[in-house]
Amino acid sequence: MWFGVVFVILVAILIGIMLALATVYRIANEEILNVQKFLGYGFFNMYGKLMSGLGIINVGQLLTMFLARSRFGLVAIAIVIIMQWIIFWKYMTRLEVQNIVQSFKER
């Protein structure tokens, strides 16, 4: 039971760190992302590099669990990976239109 509690806490910390890094990326590249979205770029065109980096890290996690021969680890990491991708996609696409309108109003 304690192992499960620690796992949930670590997953929450991991997702928090991922969202913090995504926020920093979003703020640093706000103008570029707004123009790309305005021009009709898709999600993977705008965030492809970030998704690639996240994918490489995820493959490393899965490989580590595979080499450790941990079935629970593979299942747990797979669940965490799915959660990460969904949360990242939802977080990065929310309020995109409002951000574009706000950016153009300021100019």
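**Notebook: helix packing in a predicted model**

I looked first at helices H2 and H5, which are roughly perpendicular to each other (65 to 115 degrees). Their axes, lines fitted to C-alpha atoms over the stretch in contact, cross at roughly 110° and come within 10 Å, H2 being residues 30-38 and H5 residues 96-106. I took helices as DSSP runs (H or I, at least four residues), numbered from the N terminus. Contact (heavy atoms within 4.5 Å) is made by Asn34, Lys37 and Phe38 of H2 with Glu96, Asn99, Ile100, Ser103 and Phe104 of H5.

This is a predicted model, in which local features need pLDDT of at least 70 and side-chain atom pairs pLDDT 80 or more, while totals for chains, interfaces and linings use all residues. Residues are numbered from 1 along each chain as its sequence is written, and side-chain values use heavy atoms, with hydrogens and water left out.

I then turned to H3 (residues 43-67) and H4 (residues 71-93), whose axes lie 10 Å apart and pack at an angle of about 165°. That angle makes H3 roughly antiparallel to H4 (over 145 degrees). Among the residues making the contact I noted Leu54, Asn58 and Leu62 of H3 and Ile81, Trp85 and Phe88 of H4. By class, I found 16 nonpolar residues, six polar and no charged in the contact of H3 with H4.

Last, I checked asparagine 58, which sits in H3. I recorded asparagine 58 as buried (under 20% relative accessible area, 1.4 Å probe, protein chains only) because its relative accessibility is 4%. Leaving aside neighbours within four places in sequence, I found asparagine 58 in contact with Ile81, Gln84 and Trp85.

Key. Helices (H or I, at least four residues) and strands (E, at least two) are DSSP runs, numbered from the N terminus. Buried means under 20% relative accessible area, exposed over 50%, partly exposed in between (1.4 Å probe, protein chains only). Axes are lines fitted to C-alpha atoms, for helices over the stretch in contact, and angles run from 0 to 180 degrees between N-to-C directions. Angles under 35 degrees count as roughly parallel, over 145 as roughly antiparallel, 65 to 115 as roughly perpendicular and the rest as oblique. Ala, Val, Leu, Ile, Met, Phe, Trp, Tyr, Cys and Pro count as nonpolar, Asp, Glu, Lys and Arg as charged, and the others, Gly among them, as polar.
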